[in-house]
Number of protein chains: 2
Amino acid sequence: MSTLFVRTLRDDPSDAEVDSHKLLVRAGYIRRTAPGIYTWLPLGLLVLRRLEAIVREEMNAEGAQEVLFPALLPREPYEKTGRWEEYGPNLFRLKDRKEADYLLAPTHEEVFTLLVKDMYSSYKDLPVTLYQIQTKYRDEARPRAGVIRAREFVMKDAYSFDLTDEGLDRSYMAMRRAYENIFRRVGLPYVICSAVSGAMGGSRSEEFLFPCAIGEDTFVQSAGGYAANTEAVTTLPAAPVDFSAVPLPEVVDTPDAPTIDSLVDVFNSVRPANDRPWNAADTLKNVVVTATHPDGTRELLIIGVPGDREVDMKRVEAALSPAQVEMATPEELAEYPELVPGYIGPQVIGPQSPRRKDLPEGERMPLRYLLDPHVVRGSAWITGANKKNQHVFHLVYGRDFEADGTIEAVEVRSGDEAPDGSGPLSISRGIEIGHIFQLGRKYAKALGLTVLDNNGKATVVTMGSYGIGVSRLLAALAEHNHDDAGLIWPRAVAPATVQILTTGKDDAVFDTAERLAAGLEEAGIDVLLDDRRKVSAGVKFADFELIGVPYAVVVGRGLKRGVVEIRNRREGTSVEVPVDNALAEVSRTVDN
Amino acid sequence: MSTLFVRTLRDDPSDAEVDSHKLLVRAGYIRRTAPGIYTWLPLGLLVLRRLEAIVREEMNAEGAQEVLFPALLPREPYEKTGRWEEYGPNLFRLKDRKEADYLLAPTHEEVFTLLVKDMYSSYKDLPVTLYQIQTKYRDEARPRAGVIRAREFVMKDAYSFDLTDEGLDRSYMAMRRAYENIFRRVGLPYVICSAVSGAMGGSRSEEFLFPCAIGEDTFVQSAGGYAANTEAVTTLPAAPVDFSAVPLPEVVDTPDAPTIDSLVDVFNSVRPANDRPWNAADTLKNVVVTATHPDGTRELLIIGVPGDREVDMKRVEAALSPAQVEMATPEELAEYPELVPGYIGPQVIGPQSPRRKDLPEGERMPLRYLLDPHVVRGSAWITGANKKNQHVFHLVYGRDFEADGTIEAVEVRSGDEAPDGSGPLSISRGIEIGHIFQLGRKYAKALGLTVLDNNGKATVVTMGSYGIGVSRLLAALAEHNHDDAGLIWPRAVAPATVQILTTGKDDAVFDTAERLAAGLEEAGIDVLLDDRRKVSAGVKFADFELIGVPYAVVVGRGLKRGVVEIRNRREGTSVEVPVDNALAEVSRTVDN
């Protein structure tokens, strides 16, 4: 500690909001170099390398082979798969001195595909799974929480290549197993959630989420074992409703109904229902969003949802991937005079709208109308009448209006039914620590990766892709393993196993500490020796707690009585042991 | 070998010119992904990691501490030190989604300086030496020889921070020692050469060169121990010559003298000297070059050198650093009518030229005239008369013309005197495998890195910077360790120590080979097992020789007689040992 390149901080950095970020900076593990771009200090690098080693061991154990690709890649292969465009502003793009286009790779599907194409040609060469632990780049719109969402980060990415779908299933399950082993070894809880594939393409995909309140992902679980990222949750399809008894629609003046609640109140007062009071679930809310497609075109879409539910923009965006989605602006809305803000109703939109019929075919993108599946065919609604201060009720989906299709748009709620019938859902937040994809043949097709099958016929290879954000995993571990005083690393990744603290000014203390450190290192136990002479015991204890080494040995006052103290950082317990026996006692303690 | 991701090639890749590049590709160590951008395949990555481990151990042994910086860095600090511009087109620059300027770092002086500034504040914190092993970027105009000159490469860069010049000397010598240990451990010959600092700035700098015919660097050595990169060689200053007996200049018609040789012939025929024939060394050649300065301005310079020596553009460029230098184009020359191509003489250029006097001060860059130090004050010359088909002789430097300064411009020749008087120089080529710099206070000043000295006074820190191109070092090792059949790795970095070859189809062969492999691995000896069943013995032997593992154990026909064969790849020798004793014999052999 007297020479280690570290300065612990007593105060939280001003730009940090989550505990792991605060503590990793305060304890001297990382340092911000630019927005979303961090430097690893000696302690941080030690933990990162230990994590990488565990990931590497488990990948190798499943037969994956390690390679190392460049981060700087040419545009062409990404152009062929469409990702050069699809990634939009998330991709760092640059030109070299000859004006050729390059990118800093966010993931490496394209070049792994090309490498296997370059090296392999026969079904006998397959299956093969390759991986790398390498620096990745994403120009995040909102980098946050330190290395949890960074713009330059360390990732383990693996890619499997198989001849058959069954082969892909096996390769996928091998990686899934490796991931479970990795997270188990570092002691991080995880939930495997069904996920959507996003810009990656492909069919099946699952996320490994570490459940954690500050996580950016929301996921659901049922008691029956269903688990999914909310973006991937599908709504159980409901049978159409009989609307034969529903009266014809009627327009009502609603001058004082700017909100859903006030609208319900107005109807309960002027047009009360027979059987029960109207409520928010009887209203149909029509929300206008703008989808920006990868080619830059912007499309206005109207999404209809029951008024008792909020639109979940992340789910909408996942459903419209690879488009990026935001709420339409007043200026965009103004281009469509038939859309009266606050009073939009489906009578003038959707496939039967006058606009759709009047416009010459293909002249401009029609204003698509999509309904969340909670709006069931045959159901009747209170909704806007497309005139200021007017609403309509008894408006029946399938009788009085139509839609262009459905979209999973509303927020998933605790208590909603799991789509597999396994019971009601509970909702949690989590940090994505791993993601595995069955890509299928998308990349191999786009880049021409075929091998000859056993009949000599060229066959397109099927692929999987498997990522772990190693630097994010480190932050997740910090998030899971800390208290108010600092970090508490699990031994598997701790920068050292034992921190030796010296207190007082007695030379014998420092001599004993150094001897003990040498002995422990010789026994294969990593030691961080706090040999600072002019630093108070209080500061040393505080640094020990902040840095988060699992065990401390305190050499100090007790030495006169022939004892040193072993502390357990996590339990907060301590025990005195005879100094002559300290080496054996510490070894025994840390190996338990 | 039956599952290893490798395909050896019998033919040289078409884009490879040097042996190491050919063999690293053919043996399946690296693969080109884009110009100057390579992927490391499993065998290559193994060697790279072993090299990195050796570098790391020796850096740690000298007390340097490892950190890890991002490759993607913001422009500002590089702007402050001037390197954002000085690097010119060699720097990969890009913008993020907010249009902020970034670069892919070629080296990290700036951000290491800022990190120390951020963390340290007192003289008591110093000295400290930090390093990283990290991916670097240079947009080389001519990437070549595989990973020897690549655009993305792995580098170990270290930076020392000291309060005093003596401290910097100590830190510098520690890194120099570490470098010697590294190159000694991997068995690579090296010469430590004085070097110029180039864009890095600073005072003292030395290069570690691996002597090698395909190297891009030229260096000189004297028997007395002088060694320098030719760019750093200085010419011994010569005493002025007495010109009192030299007649006044005389212009001579020289219609048939387009070359130096023909010019000498003409003078020997029409104006023979009294004492000896004229020769090329009597002629003064004036060469016009264009220096492009970092800010983009282009300056025409005239350089005068003895006609028996060529101009060495790399030395000129080093002397004019950070400008980039090329021969002036005919178009550029045409802007100066007084310069008659082929007949340029110093009478109309230099400080006394009419142009210099006529132009208003500061209006345009003067046409500077610089002389190589081989042009000694008082010496007389045959040179151009600034008219087509005319030359002048008896033109005396200091009497008939002046210069704006001197420049080390001519090629260094075998037999030239070492500047330290240690004898004549011999010339060799080499590959730069390391470079150490005393940067001094340039970066600390530019970025405000000061610490309080023991009187509480803010003092600017002095720095050193120390680089090893780890991926280039790997290629240099391949260049030094190969024969016609393939690579021959030194054990310290070999991807495996023993390759076990199986020949024939006998199951007993494969069983024995697997048992032996397991035994060796258990004994800590890395094994590459060639367990391919459908591959001929010839192919296996060829692959062994190509891949370059130092030892082979051949399990085959001999097994019936109870023997296996141990081969030494480098010596080409082989010896039979009893199979029952093979484990011990192999261990003994490889440990010798």
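Me: What makes β29(B) and strand β30 (residues 563-568) of chain B a pair, and do they run parallel or antiparallel?

Reply: In this predicted model, four bridges join β29(B) to β30(B), and the two strands run antiparallel. At least two bridges are required for pairing, so with four bridges the strands β29(B) and β30(B) qualify. One place where they meet is A552(B), whose bridge partner in β30(B) is R567(B).

Me: What makes strand β27 (residues 498-502) of chain B a partner of β29(B) as well, and which way do the two run?

Reply: Five bridges join β27(B) to β29(B), and this pair runs parallel. The threshold is at least two bridges, and therefore these strands count as paired too. Among the matched positions, Q499(B) has A552(B) as its bridge partner in β29(B), while T502(B) stands opposite V555(B) in that strand.

Me: Why is β28 (527-530) of chain B called an edge strand, and which other strand is given that name?

Reply: The open sheet has five strands in the order β28-β27-β29-β30-β31 (chain B), and its pairing is mixed. Both β28(B) and β31 (573-578) of chain B pair on one side only, and these are the edge strands. From one strand to the next, the twist averages 20 degrees.

Me: Why is strand β29 (residues 551-555) of chain B said to be largely enclosed?

Reply: Five of the five residues of β29(B) are buried, so the strand is largely enclosed by the rest of the structure. Y551(B), V553(B) and V555(B) point one way from the strand, whereas A552(B) and V554(B) point the other way, and all of these are buried. In a regular strand, side chains alternate between the two faces of the sheet.

Me: What lies across β27, β28 and β29 of chain B, and at what angle to β27(B) does it run?

Reply: Helix α13 (residues 507-522) of chain B lies across these three strands, running at about 170 degrees to β27(B). Angles over 145 degrees count as roughly antiparallel, and therefore the direction of α13(B) relative to β27(B) falls in that class.

Me: How do you know whether S20(B) is buried or exposed?

Reply: S20(B), which has its place in helix α1 (residues 19-26) of chain B, has 28 other C-beta atoms within 10 Å. The criterion for a buried residue is 20 or more such atoms, so S20(B) is buried. Leaving aside neighbours within four places in sequence, S20(B) is in contact with G146(B), A475(B), A478(B) and E479(B). The C-alpha atoms of S20(B) and A478(B) are separated by 5.1 Å, although these residues are 458 residues apart along the chain.

Me: Why is α1(A) described as roughly perpendicular to α12(A)?

Reply: The axes of helix α1 (residues 19-26) of chain A and helix α12 (residues 470-480) of chain A come within 8 Å and cross at roughly 100 degrees. That angle falls in the range of 65 to 115 degrees, which makes α1(A) roughly perpendicular to α12(A). The contact is made by D19(A), S20(A), L23(A) and L24(A) of α1(A) together with A475(A), A478(A) and E479(A) of α12(A). By class, the residues of this contact divide into four nonpolar, one polar and two charged.

Me: How do you know that helix α5 (residues 109-119) of chain A is mostly covered, and how many of its residues are buried?

Reply: Eight of the 11 residues of α5(A) are buried. These are E109(A), E110(A), V111(A), F112(A), T113(A), L114(A), L115(A) and V116(A).

Me: How many residues of chain A are in contact with chain B?

Reply: There are 38 residues of chain A in contact with 38 residues of chain B. The elements giving two or more residues to the side of chain A include α2 (42-61), α5 and β7 (128-137). That side has 26 nonpolar, four polar and eight charged residues.

Me: What makes β15(A) and β17(A) partners, and which way do they run?

Reply: Four bridges join strand β15 (residues 298-306) of chain A to strand β17 (residues 368-371) of chain A, and these run parallel. Since at least two bridges suffice, the two strands are paired. L301(A) has R368(A) as its bridge partner in β17(A). Both strands belong to an open sheet with the order β16-β14-β15-β17-β20 (chain A).

Methods:
Residues numbered from 1 in each chain as written. Chains lettered and ligands numbered in written order. Predicted model: local features only at pLDDT ≥ 70, side-chain atom pairs only at ≥ 80, totals over all residues. Buried ≥ 20, exposed ≤ 12 C-beta atoms within 10 Å, placed from the backbone. Axes fitted to C-alpha atoms, helices over the stretch in contact; angles between N-to-C directions. Parallel < 35°, antiparallel > 145°, perpendicular 65-115°, else oblique. Contact = placed C-beta atoms within 7 Å. Nonpolar A, V, L, I, M, F, W, Y, C, P; charged D, E, K, R; others polar.
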